[in-house]
Amino acid sequence: MNKINNTISINSSIKEALSKMTNLGEKCLLVVDKNQFIGTLSDGDIRKALLKNISLNKKIKNIYNKNSYYIFKKNYNEENLKKTFLNKKFDIIPILNDDKSIYKIIKWDEIFKIKRKK
């Protein structure tokens with residue numbers, strides 16, 4: 001299994017998150033604490049924080065989405081995943097092991113076999 005690069009620690013700063021998103025070319029990161037998935041952090045979450053004048057040096061722990069959608073590996077089904085992507089308009093959906101560690105990340109363009117323009 002490949003190392004999942006789209007993760008960021010809950011103790012990271014907003015600036016670190018922005019830098020990671022830029023380097024990866026991603027709009028969303030998975031927030032982890034002690035190797036367990038606890039939520040997502042999108043570029044929109046960061047924009048909202050900046051508009052509230054929250055410093056780039058502040059930790060992401062107060063701005064990430066704690067109610068993020070995920071699926072356990074045992075419940076993974078590609079057809080249901082397609083419906084979820086279409087209905088909810090998600091960019092990514094994390095697939096988790098039973099212990100809430102990240103098994104893999106499914107992206108919209110992977111599930112619909114779309115090539116993204118660079």
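**Entry 1: helices α1 and α2**

I began with helix α1 (residues 14-24) and helix α2 (residues 43-51) of this predicted model, whose axes come within 11 Å and cross at roughly 140°. For the axes I took lines fitted to C-alpha atoms, for helices over the stretch in contact, with angles that run from 0 to 180 degrees between N-to-C directions. Helices here are DSSP runs of H or I with at least four residues, strands are runs of E with at least two, and both are numbered from the N terminus. I noted the crossing of α1 and α2 as left-handed, a term for a near helix turned anticlockwise from the far one by less than a right angle, with clockwise giving right-handed.

I then looked up which residues make the contact, and found Ile14, Ala17, Leu18 and Met21 on the α1 side, with Asp43, Ile46 and Ala49 on the α2 side; contact means heavy atoms within 4.5 Å. Sorted by kind, the residues of this contact give 6 nonpolar, no polar and 1 charged. In that sorting Ala, Val, Leu, Ile, Met, Phe, Trp, Tyr, Cys and Pro count as nonpolar, Asp, Glu, Lys and Arg as charged, and the others, Gly among them, as polar.

Before going on I wrote down that residues are numbered from 1 along each chain as its sequence is written, and that side-chain values use heavy atoms, with hydrogens and water left out. As this is a predicted model, local features need pLDDT of at least 70 and side-chain atom pairs count only at pLDDT 80 or more, while totals for chains, interfaces and linings use all residues.

**Entry 2: what is buried in α2, and what follows**

Which residues of α2 are buried? I found Gly44, Asp45, Ile46 and Ala49, where buried means under 20% relative accessible area, exposed over 50%, and partly exposed in between, with a 1.4 Å probe and protein chains only. The cover over these buried residues of α2 includes α1 and β3 (36-42).

Just after α2 I came to Asn53, which has a positive phi of about 60° although it is not a glycine. Asn53 belongs to the loop between α2 and β4 (71-72), and it counts as exposed, with a relative accessibility of 71%. I set beside it Lys34, in the loop between β2 (28-33) and β3, where phi is near 55°, again a positive value in a residue other than glycine. Lys34 also counts as exposed, at 74% relative accessibility.

**Entry 3: aromatic rings**

I looked up the aromatic pairs next, and the structure holds 6 of them. Rings of Phe, Tyr and Trp (its six-membered ring) pair if their centres lie within 6.5 Å, and planes under 30 degrees apart count as stacked, over 60 as edge-to-face and the rest as tilted. Phe85 and Trp108 have ring centres 6.0 Å apart and planes at 80°, so I listed the pair as edge-to-face. This pair links distant parts of the chain, with Phe85 in helix α3 (residues 78-88) and Trp108 in helix α4 (residues 108-111), 23 residues apart. Phe85 is buried at a relative accessible area of 0%, whereas Trp108 is partly exposed at 28%.

Phe85 also forms an edge-to-face pair with Phe112, at 6.4 Å centre to centre and 75° between the planes. Phe112 lies in the segment after α4, 27 residues from Phe85, and counts as partly exposed at 24% relative accessibility.

Elsewhere, I found Phe37, Tyr70 and Phe72 linked into a cluster by ring pairs. The charged end of Lys74 sits over the ring of Phe72, 5.7 Å from its centre, and Lys66 lies over the face of Tyr64, at 4.5 Å from the ring centre. A charge sits over a ring if NZ of Lys or CZ of Arg is within 6 Å of the ring centre and within 35 degrees of the ring normal.

**Entry 4: Ser13 and Tyr103**

Ser13 lies in the loop between β1 (7-9) and α1, and it is buried, with a relative accessible area of 11%. Leaving aside neighbours within four places in sequence, I found Ser13 in contact with Leu56, Asn57, Lys58, Lys59 and Ile60. From Ser13 to Lys74, 61 residues apart along the chain, the C-alpha atoms are separated by 33 Å.

I closed with Tyr103 in strand β6 (residues 102-107), which counts as partly exposed at 26% relative accessibility. The C-alpha atoms of Tyr103 and Ile60 are separated by 23 Å, the two residues being 43 apart along the chain.
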